[in-house]
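Colleague: I would like to learn how to read a model such as this one, feature by feature. Could you give me the general idea each time, and then the case that we have in front of us?

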Amino acid sequence: SSKDAEQRRVDKELQHIRKKYKGNKSLNTYEKKKYVLKLLYAFMLGYRVEFGFKEMLSLACSPVPAEKQVGYAALSMIIGENNEWRRLSINMLRTDLRSKVMFSQVLAVNFLTNVGNNEIFTALSGDVLRLLGLPSVNIRVKKKALLCCVRMRKHNCDVLSGSDWAGKLVPMLEQKNEFGVTLCTINLLNTLAEKDAPTYEGCVPLVISMLEKIILKRVLPQEYFYHEVPSPFLQIKLFRFLQFYEVPTSAEARRKLFSVLEHVLEKRTTTKLNKIHSLNAIITEATNLLIAYGKEADFKLLTKAIHVVSQFIASSEPNTRTLGLTCMARIADSAVSNHLEPVLGLIRMNQGKILSILKEDNDTNCRMSLGILFVICNQKNMNLFVREILQYLRLAEPHVKKDSVKKLAKAVEEHLSVDHSRVYVDTLLKLAFECDFLPDNVWMRLVSTVRGRSDLENYCATSIWSYIQSSHLPETFIKISAHMLGEFGHQLVTNSNITPPTIFNAIDSYYCHVAQETKTVILEAYARLVKLYPVALGDAICERHPSIKNPHGKIEQTIEMPEQTMESDMSILSDMSELDPKIHVRYASALLHPNGLLYEDDILQVGMQRKVEAGRVTLSLSYGNKTGDQIDDLSVKLLGIEEGLSVHASKMQKVIYPRLQVAQKLKIRIKFPFKESPMIQLCYSHAQNPTSTLVNIRLPVAVTSFSQPLELSHQDFLNRWGNGVGIHEKGFRFLICSASKPSSICKLLSSLNMSAKQFEESRSKCLFGSGRIQSGDGECASRHVHAACGYLVRMDISSAFIDVFVRSTNNNVVQGVVNVLDEVLSQVNI
């Protein structure tokens, strides 16, 4: 009754068995079986019985069936998967496999199937395959040998390679009197075709004929019917085999197959649960076959399949609903990959059933439902989907919410950002407000879409303002609101009579309650607002945030935020009060001049000289050590290299000795137009800093660096860029100092390798210019013109605003030139 008592009893029995095996007295059949079974029971209790392995092996080799059966049973239990005893059993197995006694063959094949490994399979595979080829071998042995071959194949034992094996398996599929062999053969055939489908393509017509015989003619022994369904397992295996191949080219085979599929997809009413599950499994595999056919699938059959699957989704049984959602998701993915819009239309007809799944407590079903909805969404159903999905996300798990918001935002951008701009703005703001999450790159693209469109800027600012009056805002929404009010807050002042201090106070009320990243965005918004309203806001901002006041008493934007994404490789400091005032990034100035400083701090100074040729820019960089200690482990890493650029960096020294400098050359070639300037990341060690210092620097190489001016008259400019087919356009508004003159702006723009001319309109002064972007080197450059570009700058006489419009035949050129003009025009106020 206790563990100690068991130990004593087992030790006593094992000692008795040892004495029996060591004695000279021969044991009869009963005693041999009894002692081996006792050893097996002790092994199952966890005791070591290795001393009895020899007797077990001897019993398995016995010609007496009763002894052989007990010996095999004991060995199959005791031999572990990596046990060396397994090798000792190879000769025994080979003898029994070659035996003419069916009982011995069955025991050997069963043992090999259950406990074999690659070593034994390699040694005995020929003997197993021999059993399949001999007509005299019993059917039962062949069934077990086929199952053993499946096990061999799953162990990556290449025992059934070559096209000749396809011919050997066909007769086994045609067994008329024994469907068990057919079942085992199709199981093996699926395993083989999974890795070598072309070899067994000749079996396709036979498989289709078998399906016709089983499903339409119901020719099958009665014992293979399961709840009136003819061999569901065999039907499923046959359908799976056909999924490895395309639609049959033979008209007769195609007719038979489509007749079978049409019969399978017909509606059947039954109350027997087991029959329902069997039919559902068969329908699922038939649907998978139609999915595998892709564009070649019969549309009427696909329509039927979608109808049946939608009934699965509407079922009251959870497992059936899961099965239906899985099938519908596969159909939807296949329709997208094969561009089958009519199929997506059929799925949309059942979107109500799919949406109803979101109200379930089953998290798996809800996530599959979301996956289908994201695939079938379009402009017509987007509002409905957003409303229902947001209702679901309010109670969803955080990881589900984050992933779903990303996918929903992507769908909204795809279907609403162009033709339904206001709905696009409302939807993304609602996502950020209700889910407290919106990827930075998504809302920054929203900002880019709104920027330059006055009516949309006003609508966006007004919407933000209506939200910001709420007593509680999620942090993600605070970050987005701050950035947008910094860019578009002037619309509230102009159109809604809201004063700049009111906007500032609304944003600043959240400053103390947010994380450092959001504080950075808020401070960046202050920098934008104070440029617009220095008198109204300068004192208020300096009073509440005195640490961001520079020595000249002006507020500057000292943190530079990327225009398209916040996911920058730059190490953004957490607060303006922590910025070192000696750090200066001179990117905009470097765009305008061929040489100068790119970066400088207390330790390191980076200078550059730029040489521009057609299609190629050479940057000569110098890294200077300003201190009395050497700089160690200096390395330069290229960042943000778009596909349109090719950058080659020369090798450089890793040590800069005191008061000296090292040089490096960057050769940059344009392959096709790009948007953003490349960056370098400097990493170095110095005695003043115990840890390595990382510095990110934007290189003064933009799409305009590869431009050549096009001198056009005003009329020619209007004819070229007035209205054209395939022309991309982007614009933005900028605030400059009222004392700025068009001549000074014209001088700046002429430094960008584009022409710059002036003309006047009734209420504004304008500048325009053109250029063409080239790739290639030297004399070949003229043969690689990629795109032309034109810009128009309109300065309103009655205000300090200027409007900038850029047009080009290439969208990347438009965005790249907009980025450059934004940087350059900011120099007018400095």
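Colleague: Let me start with a single residue: is Ser481 buried or exposed?

Modeller: A word on the source comes first: this is a predicted model, in which local features need pLDDT of at least 70 and side-chain atom pairs count only at pLDDT 80 or more, while totals for chains, interfaces and linings use all residues. Residues are numbered from 1 along each chain as its sequence is written, and side-chain values use heavy atoms, with hydrogens and water left out. A residue is called buried when its relative accessible area is under 20%, exposed when it is over 50%, and partly exposed in between, using a 1.4 Å probe and protein chains only. Ser481 has a relative accessible area of 1%, so it is buried. Ser481 belongs to helix H26, residues 475-495, where helices are DSSP runs of H or I with at least four residues, strands are runs of E with at least two, and both are numbered from the N terminus.

Colleague: Which residues does Ser481 contact, once its neighbours within four places in sequence are left aside?

Modeller: Contact means that heavy atoms lie within 4.5 Å. With those neighbours left aside, Ser481 is in contact with Ile464 and Ile468. Asn280, found in helix H15 (residues 273-293), can be read in this way too: it counts as buried because its relative accessibility is 9%. Not counting residues up to four places away in sequence, Asn280 touches Phe312, Thr320 and Leu323.

Colleague: How many helices and strands does the whole chain have, and what percentage of its residues count as buried?

Modeller: The protein chain has 33 helices and 17 strands, and 51% of its 830 residues count as buried. Among its contacts between residues at least 6 apart in sequence, 66% join residues at least 24 apart. For one pair far apart in sequence, take Arg698 and Ala590, which are separated by 108 residues along the chain, while their C-alpha atoms are 9.9 Å apart in space. Arg698 is in strand S11, residues 689-698, and its relative accessible area of 17% is why it is classed as buried.

Colleague: How should I read two helices that pack together, and at what angle do the axes of H12 and H13 cross?

Modeller: Axes are lines fitted to C-alpha atoms, for helices over the stretch in contact, and the angles run from 0 to 180 degrees between N-to-C directions. Angles under 35 degrees count as roughly parallel, over 145 as roughly antiparallel, 65 to 115 as roughly perpendicular, and the rest as oblique. The axes of H12 and helix H13 (residues 232-242) come within 10 Å and cross at roughly 150°, which means that H12 is roughly antiparallel to H13. The crossing of H12 past H13 is left-handed, a word used if the near helix is turned anticlockwise from the far one by less than a right angle, whereas clockwise makes it right-handed.

Colleague: Which residues meet there, in H12 and in H13?

Modeller: On the H12 side, they include Val204, Val207 and Ile208, and on the H13 side, Leu234, Gln235 and Leu238 are among them. Residues are sorted by class, with Ala, Val, Leu, Ile, Met, Phe, Trp, Tyr, Cys and Pro as nonpolar, Asp, Glu, Lys and Arg as charged, and the others, Gly among them, as polar. The contact of H12 with H13 has 12 nonpolar residues, one polar and no charged.

Colleague: And how are H20 and H22 oriented to each other?

Modeller: Helix H20 (residues 363-376) and helix H22 (residues 398-416) have axes that come within 11 Å and cross at roughly 10°, and these two helices are therefore roughly parallel to each other. Their contact is made by residues including Asp363, Arg367 and Leu370 of H20 and His399, Val400 and Lys407 of H22. By class, the contact of H20 with H22 has four nonpolar, two polar and three charged residues.

Colleague: Lastly, what is phi of Asp436 near?

Modeller: Most residues other than glycine have a negative phi. Phi of Asp436 is near 55°, a positive value in a residue other than glycine. Asp436 lies in the loop between helix H23 (421-435) and helix H24 (440-450), and it counts as partly exposed because its relative accessibility is 38%. Asn753 also has a positive phi, near 60°, and its place is in the loop between helix H32 (742-750) and strand S14 (757-760).
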